[in-house]
Protein chains: 2
Amino acid sequence: MRTSSDLELILREAERIVSPSEEERRRLERVLEEALRRVEESIKRLNLNAEVIAVGSSVRDTWLPNNNELDIFVLFPKGVGDKEVLGSLIVDIAKDAFGDYEQNYAEHPYVRVRYSDFEIDLVPAFKILPGERIISSVDRTPLHNSYVREKLKRPNDVRLLKAFLKSIDAYGAEEKVGGFSGYVCELLIINYGSFLKTIEEASKWGSRVYIDIEHHLTEEYALSAFNGPLVLIDPTDPRRNAAAALTETQFNRFKVAARAFLKNPDIEFFSRGLKGVKGRVSAKQIEEQLSERKTRIIVIEMGDLDLSRELLWSQAKRMARLLNEELEANGFDPLWVSGWTDERDEIFVAMELPSLNLPVIERRQGPPVGSKEEMNFLKSYLGSGFGGPFIEGDRWYVYRKRRHSDAISLINELISSKAPTILRGAKPKILTDRELLLLDRDVLGWIYREMRKEEFFIRYLVD
Amino acid sequence: MRTSSDLELILREAERIVSPSEEERRRLERVLEEALRRVEESIKRLNLNAEVIAVGSSVRDTWLPNNNELDIFVLFPKGVGDKEVLGSLIVDIAKDAFGDYEQNYAEHPYVRVRYSDFEIDLVPAFKILPGERIISSVDRTPLHNSYVREKLKRPNDVRLLKAFLKSIDAYGAEEKVGGFSGYVCELLIINYGSFLKTIEEASKWGSRVYIDIEHHLTEEYALSAFNGPLVLIDPTDPRRNAAAALTETQFNRFKVAARAFLKNPDIEFFSRGLKGVKGRVSAKQIEEQLSERKTRIIVIEMGDLDLSRELLWSQAKRMARLLNEELEANGFDPLWVSGWTDERDEIFVAMELPSLNLPVIERRQGPPVGSKEEMNFLKSYLGSGFGGPFIEGDRWYVYRKRRHSDAISLINELISSKAPTILRGAKPKILTDRELLLLDRDVLGWIYREMRKEEFFIRYLVD
């Protein structure tokens with residue numbers, strides 16, 4: 001157990017490493033200014049009626065070092081058209097202002113451009129006043145911007161929280177992470193006043209937490225109206241839980257990490273996230289694990305997908321959930337099933353199974369003896385199975401043919417019948433064990449992490 | 001669906017085949033008379049104070065054709081000594097009267113002798129008057145004898161019921177069967193009046209049944225005082241449920257068979273039991289099943305046991321239950337585990353498993369995040385396992401080494417640590433799959449029946 005002066009020293013050191021250098025600040029400001037000017041000039045050239053604003057951490061002063069990302073919103077009057085119109089207008093602007101671009105689509109169209117080593121998201125939105133009904137969820141962003149700029153007293157504490165969350169892999173609201181968004185970090189610091197207070201409070205959070213900075217709602221109503229472990233009412237829109245994307249796992253991971261940090265404050269809780277430890281591994285390391293564990297790995301690879309980054313992640317995760325359910329239901333008892341994407345054009349779903357094959361027969365419980373379902377059960381199975389129907393205690397049982405005794409054929413069937421429509425065309429490659437050698441080291445790193453599931457912060461909790 | 005005249009014809013035909021011929025009757029009476037005389041003469045020669053009586057189905061006229069079994073009780077005054085004394089006295093008598101004998105022991109000593117093609121159980125007991133406190137459970141038998149002889153109007157209906165129960169493998173209270181004893185059959189016929197009425201009532205039995213012919217107890221008290229699905233108060237001793245040995249499985253099997261018979265009356269419901277269909281099978285038939293089912297069979301053989309028939313059965317069943325529990329608890333998911341004995345000096349426990357080996361690792365659920373058990377869990381597993389501890393939802397999980405990943409080694413450990421003491425000395429042989437060829441055809445027949453679990457009567461229910 002360290003002393004509180006340790007804690008102060010660690011926080012001072014952490015603040016130093018999470019703050020961008022003066023040089024970095026100047027560079028970001030310069031690039032942002034140039035990018036804004038280019039967009040404004042394009043709007044003029046294209047003769048559009050639109051307003052350009054910078055949003056996100058770069059203008060709220062909550063960005064982390066080496067974070068070369070900028071967000072620029074282009075606000076159109078409501079009359080201009082629907083989302084599709086916005087999508088094509090922003091493409092026109094991106095082409096004109098930056099030449100090359102990558103088209104993206106979450107629930108809303110946007111484009112990503114590269115400019116002088118920065119990645120810039122160009123997002124079209126409708127101009128909304130506070131309290132006015134939004135059309136698309138991004139329309140809120142400028143309101144968030146104003147709110148945070150007005151209320152946030154300690155931007156550096158947001159940096160600490162972001163670095164902390166990155167270090168425990170809980171930063172980001174996107175499906176890949178299911179964690180805390182930048183805006184949620186800002187609201188938590190606004191609510192609790194400081195990083196340390198946030199950590200102290202989080203370490204005591206119960207199973208559900210309600211935070212409503214502007215006192216828009218009552219706790220009772222809010223907890224019944226919203227799902228999720230953290231109900232954090234958006235100060236700019238009480239109809240919205242700003243932490244809706246947060247999963248129970250990430251909520252609990254943050255609570256435990258906060259306890260661990262308070263017990264043993266250490267710079268690793270910040271530095272890890274800034275370094276972006278990924279850990280590539282070799283196929284050999286995985287083979288060693290497999291020969292120790294005596295399990296089998298299956299990897300499904302679906303390539304040549306023309307989907308946005310967000311869609312790649314959500315499809316990968318969705319496929320993983322689907323496969324997990326079906327493998328469970330068919331008795332394959334997976335240790336884990338996980339989805340991943342290279343964020344270009346491939347998604348992967350990997351899983352670790354006790355065995356690729358199950359016996360052809362299974363013992364199936366039927367209805368109680370004498371119940372009204374009895375006759376149907378008996379008629380279905382009499383003479384058709386591998387034994388029985390027979391009575392045990394007060395129930396019928398039967399040995400019947402398992403619907404799927406081969407994991408690979410189950411997966412193949414699943415892909416062709418239940419995969420999300422946008423993946424139907426993809427020709428999946430199914431690899432097992434030794435074929436893993438063929439995979440990229442990033443893919444292997446992800447599989448290895450799933451096998452090991454190491455959480456660095458637990459040792460600080462147990463120490 | 002057959003008509004009621006079909007039913008009458010079948011019952012008439014059944015009564016014919018369950019009744020011994022006149023010649024057989026005469027032979028049984030002659031052998032019984034001779035045996036009784038021999039025992040009486042021995043008692044005189046040995047100068048003992050004891051009374052000899054014939055008991056059981058032979059004197060109640062409820063024995064089935066080809067049932068060459070007799071029961072003779074030797075009643076001693078209470079002062080003669082304890083069970084051990086009774087045991088040595090009955091051995092003296094058996095030696096003197098018949099020469100060769102087989103010593104047996106259930107809860108009570110007795111001997112079995114062979115005499116002119118008959119198997120005779122010679123049982124020593126204390127002489128008890130109705131209402132007098134018994135010392136050993138066999139002391140009741142002479143009372144049962146008198147009761148049944150006095151009350152039973154239709155002995156042939158007991159024969160029908162016994163043949164019916166034999167046909168569905170539910171006749172006999174011994175551990176091997178867990179079914180209906182001869183005495184229970186007699187009491188059911190006394191209670192319901194006839195075989196047909198018994199079957200009609202049984203087909204309508206609910207989940208628990210209370211029968212108290214002499215109205216000794218109240219239903220409420222009886223159902224709370226006794227376990228088991230059928231509470232059949234012994235008319236000669238209200239402290240005893242005569243059907244205590246009946247398992248829920250056999251109770252339900254009888255109910256279903258009764259329904260099946262009423263729906264489609266057929267002589268098979270009687271003839272099967274009289275023929276004693278056993279069905280020997282070859283190792284090849286089992287191998288065929290295994291290659292279709294893709295399961296594995298393990299057989300444990302323990303030989304050279306110097307135990308009575310009853311003890312052989314109860315030890316075999318006990319070992320099977322123990323193994324079933326442990327295999328379940330360790331994730332081997334057995335399709336069935338079953339105990340058997342050759343009734344001489346060997347017991348066998350066989351089981352069908354999806355696989356002889358499981359992965360070395362298992363996923364184990366831990367306590368909720370933040371609970372007071374959390375720290376113990378984390379300390380136990382941190383760095384010691386195959387991955388984790390990690391959080392999923394609101395719980396801790398870990399991948400840990402399975403305690404037993406090899407069924408054979410689990411079984412070996414179990415036999416050396418948890419087997420019943422009287423089996424500890426036995427050197428078990430463990431056979432799998434192809435080694436089954438080494439086994440006797442009776443053993444194979446039993447294994448095959450366990451794999452198939454066919455119940456002939458179900459087709460009559462479904463037809």
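**View 1. A:Glu343 is a partly exposed loop residue.** The relative accessibility of A:Glu343 is 28%, so the residue counts as partly exposed (under 20% relative accessible area is buried, over 50% exposed and in between partly exposed, with a 1.4 Å probe and protein chains only). The model is predicted: local features need pLDDT of at least 70 and side-chain atom pairs pLDDT 80 or more, while totals for chains, interfaces and linings use all residues. Residues are numbered from 1 along each chain as its sequence is written, chains are lettered from A and ligands numbered from 1 in the order written, and side-chain values use heavy atoms, without hydrogens and water. A:Glu343 lies in the loop that joins β10 (336-341) to β11 (347-353) of chain A (helices, H or I with at least four residues, and strands, E with at least two, are DSSP runs numbered from the N terminus). Its phi is positive, near 65°, although A:Glu343 is not a glycine.

**View 2. A:Ser116 also has a positive phi, of about 40°.** The residue is in the loop between β4 (109-115) and β5 (118-126) of chain A. With a relative accessible area of 38%, A:Ser116 is partly exposed. Most residues other than glycine have a negative phi, and most peptide bonds are trans.

**View 3. A cis peptide bond leads into A:Pro389.** The bond runs from A:Gly388 to A:Pro389 and has omega near 0°. A:Pro389 belongs to strand β13 (residues 387-392) of chain A. In chain B, the bond from B:Gly388 to B:Pro389 is cis too, with omega near 0°, and B:Pro389 is part of strand β13 (residues 387-392) of that chain.

**View 4. A:Pro20 is a buried loop residue.** It sits between α1 (4-18) and α2 (22-45) of chain A, and its relative accessibility is 7%. Apart from neighbours within four places in sequence, A:Pro20 is in contact with A:Arg25, A:Trp63, A:Pro65 and A:Arg159 (contact means heavy atoms within 4.5 Å). From A:Pro20 to A:Asn67 the C-alpha distance is 9.2 Å, across 47 residues of sequence.

**View 5. A:Phe269 and A:Tyr460 belong to one aromatic cluster.** Over all chains there are 44 aromatic pairs (rings of Phe, Tyr and Trp, the last by its six-membered ring, with centres within 6.5 Å; planes under 30 degrees apart are stacked, over 60 edge-to-face and the rest tilted). The ring centres of A:Phe269 and A:Tyr460 are 4.9 Å apart and the planes stand at 50°, so this pair is tilted. A:Phe269 is in helix α11 (residues 268-275) and A:Tyr460 in helix α17 (residues 458-462) of chain A, so the pair ties together parts 191 residues apart in sequence. A:Phe269 and A:Tyr460 are buried. The cluster also includes A:Phe164, A:Trp205, A:Phe270 and A:Phe457.

**View 6. Helices α6 and α7 of chain A cross at roughly 130°.** The axes of α6(A) (residues 155-167) and α7(A) (residues 182-192) come within 9 Å (axes are lines fitted to C-alpha atoms, for helices over the stretch in contact, and angles run from 0 to 180 degrees between N-to-C directions). The two helices are therefore oblique to each other (under 35 degrees is roughly parallel, over 145 roughly antiparallel, 65 to 115 roughly perpendicular and the rest oblique). Residues making the contact include A:Leu161 and A:Leu165 of α6(A), and A:Cys185 and A:Ile189 of α7(A).
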